[in-house]
Amino acid sequence: MYAFKITTFVQMNSNTKPNDILTLTPLILEVFRNERPSITHLAGAGSNRRYYLLECNGKKAVGTCGDDFRENKAFVDLCNHFSGQLDFIPEILAVDSDYRGYIQTFAGHKSLFEVAESCRNSNHYTTEIVSLLEKAMRQLADIQERWQES
């Protein structure tokens with residue numbers, strides 16, 4: 001059903017999985033309207049989910065696909081609960097009805113883990129990295145407190 005739309009709507013690359021694009025296409029249409037985003041496969045981040053940078057006319061988002069309904073739904077629910085309350089929580093822009101895919105806001109190319117990697121390797125933590133790590137720890141503690149209260 002979407003084969004024609006996929007090839008004319010999305011610029012795919014060699015790492016793009018067609019089944020993921022089938023899942024993401026209706027969501028891309030919802031978020032990007034009639035724009036044609038490029039799709040770049042991103043490296044995984046500790047789960048079986050697959051990530052794609054969606055980019056068009058300066059607008060960026062991340063398309064995420066995964067086969068674990070419970071994992072995906074938990075992530076979406078946590079984001080929806082904490083979005084706007086904590087700095088590092090992405091906003092969910094669109095979700096597939098069976099939670100196999102969703103689109104979230106783009107927070108940048110590097111995770112805190114990646115940013116701190118050079119410090120870990122050299123065993124020298126800059127003031128900036130220490131500040132980021134402290135902020136992340138405070139926000140994680142805040143999440144735990146809020147979660148217990150709700």
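## A first look at the chain

Of the 150 residues in this chain, 34% count as buried. Keep in mind that you are looking at a predicted model. The chain exposes about 9,500 Å², and carbon and sulfur atoms supply 51% of that area.

Let's start with the overall plan. The secondary structure comes to 6 helices and 5 strands. Reading from the N terminus, the elements run α-α-β-β-β-α-β-β-α-α-α. How much of the contacts with a separation of 6 or more comes from residues 24 or more positions apart? Such pairs account for 50% of them.

### Helix α2

Now find helix α2, which spans residues 18-32. A kink of about 40° lies at L24, shortly before the proline P26. L24 is also one of the buried residues of α2, a list that includes I21, L27, I28, V31 and F32. D20, T23 and T25 are buried in this helix too. Just after α2, R33 takes a positive phi of about 60°.

### Strands β1, β2 and β3

Next, look at strand β2, where 6 of the 7 residues are buried. Strand β2 pairs with β1 and also with β3, as the table shows.

| Strand pair | Direction | Bridges | A facing pair |
|---|---|---|---|
| β1 (residues 38-42) and β2 (residues 50-56) | antiparallel | 5 bridges | T40 and L53 |
| β2 (residues 50-56) and β3 (residues 59-65) | antiparallel | 7 bridges | Y52 and G63 |

How many residues lie between β2 and β3 in their hairpin? There are 2, and N57 in the turn has a positive phi of about 50°. As you follow a strand with your eye, here is a handy rule: in a regular strand, side chains alternate between the two faces of the sheet.

### The nonpolar cores

Helix and strands come together in the largest nonpolar core, which has 14 residues. Which of its members touch the most others? They are L24, I28, F32, I39, L54 and I103. The elements that give two or more residues to this core are α2, β2 and β3. Helix α2 gives the most, with 6 residues. Apart from this core lies another one, of 8 residues, among them F82, I89, Y102 and I143.

To tie the picture together, try tracing L24 once more: this residue marks the kink in α2, is buried, and belongs to the group that touches the most other members of the largest core. I28 and F32 are likewise buried residues of α2, and both are in that same group.

Key. Residues numbered from 1 in each chain as written. Predicted model: local features only at pLDDT ≥ 70, side-chain atom pairs only at ≥ 80, totals over all residues. Heavy atoms only, no water. Bend = angle between axes of the 7 residues up to and from the residue. Helix = DSSP H or I, 4+ residues; strand = E, 2+ residues; numbered from the N terminus. Buried < 20%, exposed > 50% of the residue type's maximum accessible area, 1.4 Å probe, protein only. Pairing = 2+ DSSP bridges. Contact = heavy atoms within 4.5 Å. Areas by Shrake-Rupley, 256 points an atom, 1.4 Å probe, with all protein chains shown as cover. Core = buried A, V, L, I, M, F, W, Y, C linked by side-chain atoms within 4.5 Å.
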